[in-house]
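Please look through the sequence and the model shown here before reading on. The paragraphs below are meant to be followed with the structure open.

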Amino acid sequence: MREFDHIGLPAGQSHPEERFVAHTQVWVTDPHRHPFRVEWLRCLPDSTVPEKLRAAPHVAYHVDSIETESAGLKVLLPPFSSVAGHRVGFYETGDGVVVELMEF
């Protein structure tokens with residue numbers, strides 16, 4: 001199963017109600033509070049997030065299994081516990097799309 005959740009966009013400035021993700025050193029907004037499901041991401045200078053994820057938008061999906069859905073994709077950030085308490089991982093498709101897979 002793969003169900004759309006949000007679009008993530010790099011941000012150059014802070015946004016109201018950002019939350020800090022210590023694992024990645026990134027400030028994020030809650031996409032479910034945005035009328036078009038947009039998540040803003042603002043990386044700190046010492047963030048370990050790869051440049052591709054810092055610069056490119058991503059599309060996020062709920063999945064039953066990150067391992068199953070990520071088969072054949074390039075790993076950008078292996079799965080970790082997110083600020084919302086679920087597991088997420090970031091990947092790149094063969095045509096360069098950045099995808100976030102979210103497992104609850």
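What follows goes from the sheet to its hairpins, then to the largest pocket and to a few single residues.

The model is a predicted one, and its strands are a good place to begin. Eight strands make up an open sheet with mixed pairing, and their order across the sheet is β2-β3-β4-β1-β5-β8-β7-β6. The edges are held by β2, residues 19-21, and β6, residues 74-81; each has a single partner strand, so one side of each is left without a neighbour in the sheet. Between neighbouring strands of this sheet the turn is 25 degrees on average, with direction ignored. As general background, strands of a sheet pair through backbone hydrogen bonds, in either a parallel or an antiparallel manner.

At the β2 edge, the partner strand is β3, residues 26-28, which runs antiparallel to β2 and is joined to it by three bridges. Within this pairing, valine 21 is placed opposite valine 26 of β3.

At the other edge, β6 and β7 run antiparallel and are joined by five bridges, with leucine 77 having phenylalanine 90 in β7 as its bridge partner. These two strands form a hairpin that has five residues between them, and in its turn glycine 85 has a positive phi of about 95 degrees. On its other side β7 pairs with β8, again in the antiparallel sense, over six bridges. Here glutamate 92 has valine 98 in β8 as its bridge partner, and the hairpin of β7 and β8 also has five residues between the strands, with glycine 96 taking a positive phi near 90 degrees. How much of β7 is covered? The strand is mostly covered, since five of its six residues are buried.

The largest pocket holds about 300 Å³ of space. Its lining consists of 25 residues, and those that lie nearest its centre are Val28, Glu39, Ser82, Val83 and Glu100. The elements that contribute two or more residues to this lining are β1, β2, β3, β4, β6, β7 and β8. By class, the lining has 15 nonpolar residues, together with five polar and five charged ones.

Three single residues complete the picture, beginning with isoleucine 66, which lies in helix α2. Is isoleucine 66 buried or exposed? With a relative accessibility of 0%, isoleucine 66 counts as buried. Apart from residues up to four places away in sequence, isoleucine 66 touches Pro79, Arg87, Val88, Gly89, Tyr91, Leu101 and Glu103. One of these contacts, glutamate 103, is 37 residues away in sequence, yet its C-alpha atom is 6.3 Å from that of isoleucine 66.

Serine 70 is found in the loop between α2 and β6, and because its relative accessibility is 12%, it counts as buried. Leaving out neighbours within four places in sequence, serine 70 is in contact with Tyr91 and Leu101, both of which are also touched by isoleucine 66.

Proline 31 belongs to the loop between β3 and β4, and its relative accessible area of 5% makes it buried. Beyond its neighbours within four places in sequence, proline 31 is in contact with Asp5, His6, Arg37, Val38 and Glu39. Of these, Glu39 is also among the residues nearest the centre of the largest pocket. The C-alpha atoms of proline 31 and histidine 6 are separated by 6.3 Å, although the two residues are 25 places apart along the chain.

Conventions. Residues are numbered from 1 along each chain as its sequence is written. This is a predicted model: local features need pLDDT of at least 70, side-chain atom pairs count only at pLDDT 80 or more; totals for chains, interfaces and linings use all residues. Side-chain values use heavy atoms; hydrogens and water are left out. Two strands pair if DSSP finds at least two bridges between them. Helices (H or I, at least four residues) and strands (E, at least two) are DSSP runs, numbered from the N terminus. Axes are lines fitted to C-alpha atoms, for helices over the stretch in contact, and angles run from 0 to 180 degrees between N-to-C directions. On a 1 Å grid over the protein atoms alone, a cavity is a set of points where a 1.4 Å probe fits but cannot get out, and a pocket is an open set with protein on both sides within 12 Å along at least five of seven lines; lining residues have an atom within 4 Å of a point. Grid points are joined across faces, edges and corners, and a volume is the space filled by probe spheres set on the points. Ala, Val, Leu, Ile, Met, Phe, Trp, Tyr, Cys and Pro count as nonpolar, Asp, Glu, Lys and Arg as charged, and the others, Gly among them, as polar. Buried means under 20% relative accessible area, exposed over 50%, partly exposed in between (1.4 Å probe, protein chains only). Contact means heavy atoms within 4.5 Å.
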